[in-house]
Structure formats: structure tokens, C-alpha cells
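Work through these exercises with the model open beside you. Try each task before you read its solution.

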Amino acid sequence: MAEVYFYIPEGRAGDAVDCGIKLSEWYSREVYIDGSLRKCIAALLNPRDEYEKFRSGEYKCLKLEIPPKYCYVADRSLYEAGCGNPGAMELYRESIIPAMSYKFGDYRFPEVLVTTTVLSEQISVTGKMLDTPVLYTSSQELYLNNLTERLKEEHSDLDDTFLYLYFKWLCSQGKADMICDGDASPAVFVLRENNRPYIFNAPGRNQ
């Protein structure tokens, strides 16, 4: 079984546990899967990915145990971007894969598209202390950490590049000053709030 999480208004949780979650009532996506337009309930791999609901008393977090053949994973970040951008929405559609093919950390905000009604015996209410431990804080954190580590393997100067560009942005915000631009020597910035120098290699400059 695939274990996924779904937030429901607190007043509806009891009905869901007793009667199940009907696909026709709770679907929030209609997407093409294997050539057919399917209604889908958008659930989560990690309940902390919707942190406001995780902390709120207005919602209950339900754990759903679903046969994997009814579960697909897509990147909700692309869906949110695609609401105002057709190109991003096409990328969202292309991101939809069978749940068993998904590798944790591949998507910034993975959502599980459940394509079936969920029966009452497949539902339980979780608390803040989950009965099944989730081994990472949030999908976004896992995605960014994995991506950063992968890029570091390909680009040994990545940390310098990130920090150089970040401090350039601070300069544009009036929060730092560039003393040396990094063309002939390391770049030097001074952060205005503490008047402390910070030194990085500019992108493309050999150490």
C-alpha cells in the first residue's frame, strides 16, 4: 500500500473515517493519465508540505493507505506556476508518473494524485506525532538539498557562485557594498549591518 496524507476540514473528518472519501466529491485535479481524462484527489507524501494546515486546528490530517496502482505523483510547484502559464502547466502534465517510479527529492512539491474513491477502512486520523515517521522535514527542503549536492558534484565552485550572486543582490538592495568585483582577485563585499567583509571567488574565476 502507498501511504499518503490528505487534509480535510476538522468537521468533516469523522464522516471521512466512517464513510470514506468519494472521488466525485473531493477531486481537485482533472488530468490525462494513460490517455484518459481522470479525476484525482491531490494528496501528499509528507503532511508538513502543507505546513499551515499541519499547524492549524481547522484541519485534520488523514492517512490514506491506497493500492499503488491508483496513485500517481506530480510536481505541485509546476501546477501552481501553470495556473498563469501554459508552458509550466504542460510541464506539470509531463511530471505525472506512477507513484512507484517516483524518487524522493525529485520534485520540489510532490503531490499524490489518487484516482479512486478511498474506503473508510483505508483511512485513519493522524496527530502531530505521526504513527508512521516521516524521515525528512519537508519535500521542498529535501529537493533543494539533493539538488545542491548534485550540482556541487558537477561544479566545485558552486558555493562561491551562490554567495557571490547573493551578495550582488544585497548590493542592489542597499544592504551591502562591493569593494572588489572579483575580476583580478577575490570579490570583496562589506555587509552594512555589521561592517564586516565577506570574500568569495567570482563565477568562472579559478581559485
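**Exercise 1. The surroundings of Ile21**

Task: In this predicted model, find which residues Ile21 is in contact with, leaving aside its neighbours within four places in sequence.

Solution:
- Step 1. Select Ile21 and skip its neighbours within four places in sequence.
- Step 2. List the contacts that remain: Phe6, Ala16, Trp26, Ile41, Leu62, Leu64, Thr117, Val118 and Ile123.
- Step 3. Place Ile21 in a wider setting. The largest nonpolar core has 24 residues, and Ile21 is among those with the most contacts inside it. Ile41, Leu62, Leu64, Val112, Val114 and Val118 are also in that group.
- Step 4. Ask which elements build this core. Those that give two or more residues include helix 1 (13-19), helix 2 (23-26), strand 3 (36-44) and strand 4 (59-66). Strand 1 (2-9), strand 5 (71-75) and strand 7 (110-114) also belong on that list. Strand 1 gives the most, with 4 residues.
- Step 5. Look for a second core. A separate one has 10 residues, including Ala176, Ala187, Tyr198 and Phe200.

**Exercise 2. Partners of strand 4**

Task: Find how strand 4 pairs with strand 1 and with strand 8.

Solution:
- Step 1. Start with strand 1. Strand 1 and strand 4 are antiparallel, with 8 bridges. As a marker, Pro9 stands opposite Tyr59 in strand 4.
- Step 2. Move to strand 8 (residues 123-125). Its pairing with strand 4 is antiparallel too, over 3 bridges. Here Leu62 stands opposite Val125.

**Exercise 3. Strand 7, inside out**

Task: Decide whether strand 7 is largely enclosed, and say why.

Solution:
- Step 1. Count the buried residues. In strand 7, 5 of the 5 residues are buried, so the strand is largely enclosed by the rest of the structure.
- Step 2. Recall a rule. In a regular strand, side chains alternate between the two faces of the sheet.
- Step 3. Sort the side chains. Pro110, Val112 and Val114 point one way, while Glu111 and Leu113 point the other way. All of them are buried.
- Step 4. Find the partners. Strand 3 runs antiparallel to strand 7, joined by 4 bridges. Leu44 stands opposite Glu111 there. Strand 5 is antiparallel to strand 7 as well, with 5 bridges. In that pairing, Cys71 stands opposite Val114.

**Exercise 4. A charged residue in a loop**

Task: Is Glu50 buried or exposed? What does its side chain make a polar contact with?

Solution:
- Step 1. Locate Glu50 in the loop between strand 3 and helix 3 (51-55).
- Step 2. Compare its relative accessibility with the cut-off. Buried means under 20%. Glu50 is at 17%, so it counts as buried.
- Step 3. Check its side chain. A polar contact of 2.6 Å links it to the side chain of Arg76.
- Step 4. Add the other neighbours. Not counting residues up to four places away in sequence, Glu50 touches Tyr7, Leu44, Arg76 and Phe109.

**Exercise 5. Two helices that cross**

Task: Describe how helix 6 (residues 139-154) meets helix 7 (residues 158-172).

Solution:
- Step 1. Choose the descriptors. Two packed helices are described by the angle and the distance between their axes.
- Step 2. Read both values. The axes of helix 6 and helix 7 come within 9 Å and cross at roughly 115°.
- Step 3. Name the residues. Helix 6 brings Thr148, Leu151 and Lys152; helix 7 brings Leu158, Asp159 and Phe162.
- Step 4. Sort them by class. The contact has 3 nonpolar, 1 polar and 2 charged residues.

**Exercise 6. An open sheet**

Task: Find the strand order of the open sheet of 3 strands, and say which strands stand at its edges.

Solution:
- Step 1. Trace the order: 9-10-11, with antiparallel pairing.
- Step 2. Find the edges. Strand 9 (176-180) and strand 11 (196-200) each have a single partner strand, so one side of each lacks a neighbour in the sheet.
- Step 3. Note the twist. Neighbouring strands are turned by 30° against each other on average, direction ignored.
- Step 4. Zoom in on one pair. Strand 10 (residues 187-191) and strand 11 share 5 bridges. Val190 has Pro197 as its bridge partner in strand 11.
- Step 5. Visit the loop between strand 10 and strand 11, where Asn195 is found. Asn195 has a positive phi of about 55°, although it is not a glycine.

Terms used. Residues numbered from 1 in each chain as written. Predicted model: local features only at pLDDT ≥ 70, side-chain atom pairs only at ≥ 80, totals over all residues. Heavy atoms only, no water. Core = buried A, V, L, I, M, F, W, Y, C linked by side-chain atoms within 4.5 Å. Buried < 20%, exposed > 50% of the residue type's maximum accessible area, 1.4 Å probe, protein only. Contact = heavy atoms within 4.5 Å. Axes fitted to C-alpha atoms, helices over the stretch in contact; angles between N-to-C directions. Nonpolar A, V, L, I, M, F, W, Y, C, P; charged D, E, K, R; others polar. Pairing = 2+ DSSP bridges. Polar contact = N/O pair within 3.5 Å; in protein donor to acceptor, adjacent residues only side chain to side chain.
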